[in-house]
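Student: I should like to learn how to read two features of a protein model, namely helix packing and cysteine pairing. May we take them in turn?

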There are 2 protein chains.
Amino acid sequence: MGASIKDVARRAGVSVTSVSRVLNGEKYVSQELLDKVNRAIEELNYTPSHIARSLKMQKTNTIGIIVPDLTSQFCSTILSSIEETASAQGYNLLVGNIAESMEKELRYLRVFQNMRVDGIIVMHQKFNQDILEFFEHASMPILFSSVKGPSSSYLSVLIDDYQAAFDATEHLISSGHEKIAFIGGDLADITSGFSRYNGYAEAMKKHGIEPDPRFVKFGDYKLPSGRRLMKEMLGEDEWPTVVFAASDDMAVGALNCALDHGLKVPEDMSIMGFDGSLITEVVRPAMTSMQQPVEELGKKSVEYMHHMIVNPEFTFDSDIILQHRLVERESCRPRLAHA
Amino acid sequence: MGASIKDVARRAGVSVTSVSRVLNGEKYVSQELLDKVNRAIEELNYTPSHIARSLKMQKTNTIGIIVPDLTSQFCSTILSSIEETASAQGYNLLVGNIAESMEKELRYLRVFQNMRVDGIIVMHQKFNQDILEFFEHASMPILFSSVKGPSSSYLSVLIDDYQAAFDATEHLISSGHEKIAFIGGDLADITSGFSRYNGYAEAMKKHGIEPDPRFVKFGDYKLPSGRRLMKEMLGEDEWPTVVFAASDDMAVGALNCALDHGLKVPEDMSIMGFDGSLITEVVRPAMTSMQQPVEELGKKSVEYMHHMIVNPEFTFDSDIILQHRLVERESCRPRLAHA
């Protein structure tokens, strides 16, 4: 475990408070103090982030959260669950909505750091070099919620997206569907893009069904892309019997397109979503969806973040994997019933 | 205009930087310095907040925003517009979701202050004594967006909610409706509760129509309350020909309830919403709604906030009132067509 903040202070010949001021990036610190402390840190061969983490810093009782897109039904649903638990635990939640921009993400991460949040929850799954470096040198704990972190050094609280998409597809197959369309997300997104597509593809393969390339399309998780891709499919001379979308928003877009084209759902075509956002119960017919346990996801994310904040020595062996669950509503029916 | 920060520094016999440190609440400030500066401030008879405002404080390029409820379709719609303009102007937006709690609002206001945001945008319209005092003594500009501030000392960017509800109701009357139900918000909310109800009531009165008390109900702007109140109405032995709800979410709740009861909308009953959130285009039939100019509302809110931040002497004569607009979609039709 090695040296503590006290060791650094002793080596530098200054007080613990002074070391703390340097590590906290206080503005009015003399060059002399800065040099002394930095030299001690180097001599003790400790990275500042390591030391900063083990410091009993003044808490702000604030958690920053990076949200990919607030207009996403899933984001607002889970955010509201995270807010509830955070509030119950005495934390204020500062939301940075990055509108899917990595540039904005980096800016918000830095704002959070400058504002000395106690920890950061990240719900975005795209990383560039600058972002990865920020995570690596961050002086506060970072936790990934509903997405997979960039490496096993980071704790992620999420479902098994591959297995969930696999189970959803297998459910459709076992209820008689073969022409199963898939509307996926960005394959560069490991969690909700690649893993969900892969689950679909592997379930099809296991049952010896070749996906029809006309019916495998990729959008951006948002409603308009689901509508657009469904329109493309309806332009083909034969149609799938069911469309499985990798987000509820895209599923609703597909549903609207089908209804606007005069199709009856689920009589003429079934549609299934993914996520478990509130919108599934708002649309008519209500949307069958492979759901993430939204409440538990929010709760566990904040609970683990809290553990990491109060105990800098907190370690973990593996990600926290929560259970997915297929919730059947009205938008989906067995293929047998179509006959 | 009187004394400047320099006067305080001169009176205290310290540097401007030192005064600034005290006013900014820096942690490592000696008791001696604190006493000197505070004495000078007292002697010059200036409140710290007054001085703090006129200080060229270090900008954080951050705006805090108090959001009543992130799961509200209107909130997430307008927030995304505010975020876009803020980002284009170089501001980061920190979102505090208060879930309609004044206690949480006060907490977030204080967090924003501690974090030295450059300004605060408030979208909540309930105030208690502590919140009012916070506003009064705040060292950064406060602006109210889509709601009316507590007094004319605060700038509000919003529509004329009374007139919008009046116009919506008059539109329904002029298209032949008389049995016009109203689902309102909390009458204690001046902007979206009282003003919208009042607009409805006055338009009815102007046209000599007595509102049927069975068809005037009040919810909490959220979807489930619209559903519940519609259910109550459908339990009566006669029904309104149109339901006008003071939020799109309540209108969608009413729509779902009607559809689930086997009614055809708009054939059997028309439904009209209020706000112009994205959900109006998601549901089927798409929702006719008295819309706020969401994009302009977000844009103007940030623009005026920016003026107030860069120019502490910024003054205004009146609120910024934007134009409402009735957007007709499929959920509403003239009464004549019902005959």
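**Cysteines and helix packing**

Tutor: Let us begin with a single cysteine in this predicted model. A:Cys75 has a relative accessibility of 4% and therefore counts as buried, the limit being under 20%.

Student: Is B:Cys75 buried or exposed?

Tutor: B:Cys75 is buried, because its relative accessible area is 5%.

Student: How many disulfides are there over all chains?

Tutor: A disulfide is a covalent bond between the sulfur atoms of two cysteines. Over all chains, the count comes to 0 disulfides. A:Cys75 is in no disulfide, and the nearest cysteine sulfur, that of B:Cys75, is 16 Å away.

Student: Why is there no bond from the sulfur of B:Cys75 to that of A:Cys75?

Tutor: The closest cysteine sulfur to that of B:Cys75 is in A:Cys75, and at 16 Å it is too far for a bond. The cut-off for a disulfide is within 2.5 Å.

Student: How should one describe two packed helices?

Tutor: One gives the angle between their axes and the distance between the axes. In chain A, the axes of helix H5 (residues 73–88) and helix H13 (residues 294–310) come within 8 Å and cross at roughly 50 degrees. H5(A) and H13(A) are therefore oblique to each other. The crossing of H5(A) past H13(A) is right-handed.

Student: Which residues make the contact?

Tutor: H5(A) contributes A:Phe74, A:Thr77, A:Ile78, A:Ser81, A:Ile82, A:Thr85 and A:Ala86, while H13(A) contributes A:Val294, A:Glu295, A:Leu297, A:Gly298, A:Lys299 and A:Val302. By character, the residues of this contact comprise 7 nonpolar, 4 polar and 2 charged.

Notes: Residues numbered from 1 in each chain as written. Chains lettered and ligands numbered in written order. Predicted model: local features only at pLDDT ≥ 70, side-chain atom pairs only at ≥ 80, totals over all residues. Heavy atoms only, no water. Axes fitted to C-alpha atoms, helices over the stretch in contact; angles between N-to-C directions. Helix = DSSP H or I, 4+ residues; strand = E, 2+ residues; numbered from the N terminus. Parallel < 35°, antiparallel > 145°, perpendicular 65-115°, else oblique. Left-handed = near helix turned anticlockwise from the far one by under 90°. Contact = heavy atoms within 4.5 Å. Nonpolar A, V, L, I, M, F, W, Y, C, P; charged D, E, K, R; others polar. Buried < 20%, exposed > 50% of the residue type's maximum accessible area, 1.4 Å probe, protein only.
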